[in-house]
Amino acid sequence: MSIYGALFSGVSGLSANASALGIISDNIANLNTIGYKDTKARFSTLVTSPAGEHSYSPGGVQITPAQNIDKQGLLQASNSPTDLAITGKGFFVTSTSATPGQGESLFTRAGSFRTNDQGFLQNSAGHYLFGWPIDNLGNLPTNLSDLSALRPIDISSLTGTADPTTQMSLQANLKASTPVHPDAGTYTVGQIADGTITTPDFVRSIQFYDSQGGSRTMNFGFIKTAANTWAAEAYVTPDTDVLAASHPSGRVAAGDLIFQTDGTLDASTTFPNPSPMVINWDTATTGLGTSSITLDIGTVGRPDGITQFATNSVLSAASINGAVFGNLLGLEINNEGFVTATFENGIRQRIYKIPLAVFPNPNGLAARNGNSYGQSDTSGSFTLLEATRGTAGRIDPNVLEASTVELADEFTNLITAQRAYSANSKIITTADEMLDELIRIKR
């Protein structure tokens, strides 16, 4: 019956517009929610087959909510280095549990992450941010496409770090007019280090760093043994810190410095020997293993290292790499997703790389609590990509992606839904009056 059909059609209109009101309400409520994607109410007709070509059977209306997940929100500046936004395609990979393999894997563009009391990066919903761990050699895992390769970003173990010295260079001059040392005729290797030669022609000390960040002293002693020829020794003090069998009196290297007539190094120079200098520490007293240091004394034929000119003997410059122990200062994240820890001693160490998950149909993702999404049949399977690679977007630090809700549009939709609801209620009222007239026919 068409009157009942009109009544049911009005009821479906009330239900659809009530649902639209709920969608609009959610959008307005999430106006300031970071990374929120607005939802639109899509209306479609319900058509029933008529009994004949000269009759009409009303069906009403139904609503389908559609979330614009692939819509890019505006970027807002932030003063936190762990606030992240994605420009382009992709989602951060998070989990409800900090234990790999446990909890649900969720995907979000809400990048407001903070370090919790356990050292993990979490967003406002309490979900843990996952990334690829980087080993000490700077390598990523081999199975980048697998979720099992991801780990929660954890900085609790990064209380501090040290960097051992592996490179050392000297820029010095040995006075050309220095007379041959009185002990040159009886000199044997090791006599500078053990003090047999009490007054070397030139001695200087520089500091370097062991693997635990401790500061150590390396001494360089020189005596002139002939014209344009000097004997040189490198030795560590105190010598009790190194193995006596490997380093008598702390000596780690020795050899001859031979100069050309223009004061630059000759190719026959044998210092340092061995090269690199390998230091075997006394593990029982220092707790250290082995240090290997490459010493650069300059280039043959060029005045860029140790020279022999007429000026006074002097150590012009000494440079080393490495650093003492330093506490963690903070984190930095770049556009490619590399998470870099910075320390007080100037060391910068990459510890994780944040991947981006890309879906064939992101609008088909299933909504979850906390402004996150789960994979669904409609969305298709995700692909883990490095930021800025392939179809993945760019990760912007110190930035947050704003909600895509347009307040003016939502208020307009609110008025429309309200009027449509009133109009459908009038359909029910009119159908009720017509049924009342029909009932009164019998009277």
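Strand E5 (residues 92-95) is covered on both faces: Phe92 and Thr94 on one side, and Val93 and Ser95 on the other, are all buried. Buried here means under 20% relative accessible area, exposed means over 50%, and partly exposed is in between, with a 1.4 Å probe and protein chains only. The model is a predicted one, so local features need pLDDT of at least 70 and side-chain atom pairs count only at pLDDT 80 or more, while totals for chains, interfaces and linings use all residues. Residues are numbered from 1 along each chain as its sequence is written, and side-chain values use heavy atoms, with hydrogens and water left out. Strands (E, at least two residues) and helices (H or I, at least four) are DSSP runs numbered from the N terminus.

E5 has pairing partners, where pairing takes at least two DSSP bridges between two strands. With strand E6 (residues 105-108), E5 pairs in the antiparallel sense over four bridges, and Thr94 has Leu106 in E6 as its bridge partner. Strand E9 (residues 128-133) also runs antiparallel to E5, joined to E5 by two bridges; here Ser95 is matched with Tyr128.

Further along the chain, an open sheet of four strands takes the order E13-E14-E15-E16, with antiparallel pairing. Its edge strands are E13 (202-209) and E16, each of which pairs on one side only. On average, neighbouring strands of this sheet are turned by 20 degrees against each other, direction ignored; the axes are lines fitted to C-alpha atoms (for helices, over the stretch in contact), with angles running from 0 to 180 degrees between N-to-C directions. Eight bridges hold the antiparallel pair E13 and E14, and Arg204 stands opposite Phe220 in E14.

Now for the charges. Counting a salt bridge as a side-chain nitrogen of Lys or Arg within 4 Å of a carboxyl oxygen of Asp or Glu, the total comes to 14. One of them joins Arg114 to Asp83, with the closest N and O atoms 2.6 Å apart. That pair links distant parts of the chain, 31 residues apart: Arg114 sits in strand E7 (residues 114-115) and Asp83 in the loop between strand E3 (75-77) and strand E4 (84-87). Arg114 is partly exposed at 40% relative accessible area, whereas Asp83 is buried at 2%.

Asp241 and Arg216 also meet in a salt bridge, at 2.8 Å from N to O. Asp241 lies in the loop between strand E15 (229-237) and strand E16 (251-258) and Arg216 in strand E14 (residues 215-226), so the contact ties together parts 25 residues apart in sequence. Both ends count as buried, Asp241 with a relative accessible area of 15% and Arg216 at 16%.

A more local case is Arg440 with Asp436, whose closest N and O atoms are 3.0 Å apart. The two lie four residues apart in helix H3 (residues 407-442), about one turn of the helix. Arg440 is partly exposed at 38%, and Asp436 is partly exposed too, at 33%.

Glu233, in strand E15, goes without. It is buried yet has no salt bridge, and the nearest side chain of opposite charge, Arg251, is 5.4 Å away. In this scheme Lys and Arg are positive and Asp and Glu negative, with His and the chain ends not counted. What the Glu233 side chain does have is backbone nitrogens: that of Gly190 lies 2.7 Å from one of its polar atoms, and that of Ile192 is reached at 3.4 Å.

Terms used. A polar contact is a pair of N or O atoms within 3.5 Å; within protein, one must be able to donate a hydrogen and the other to accept it, and residues adjacent in sequence count only if both atoms are side-chain atoms.
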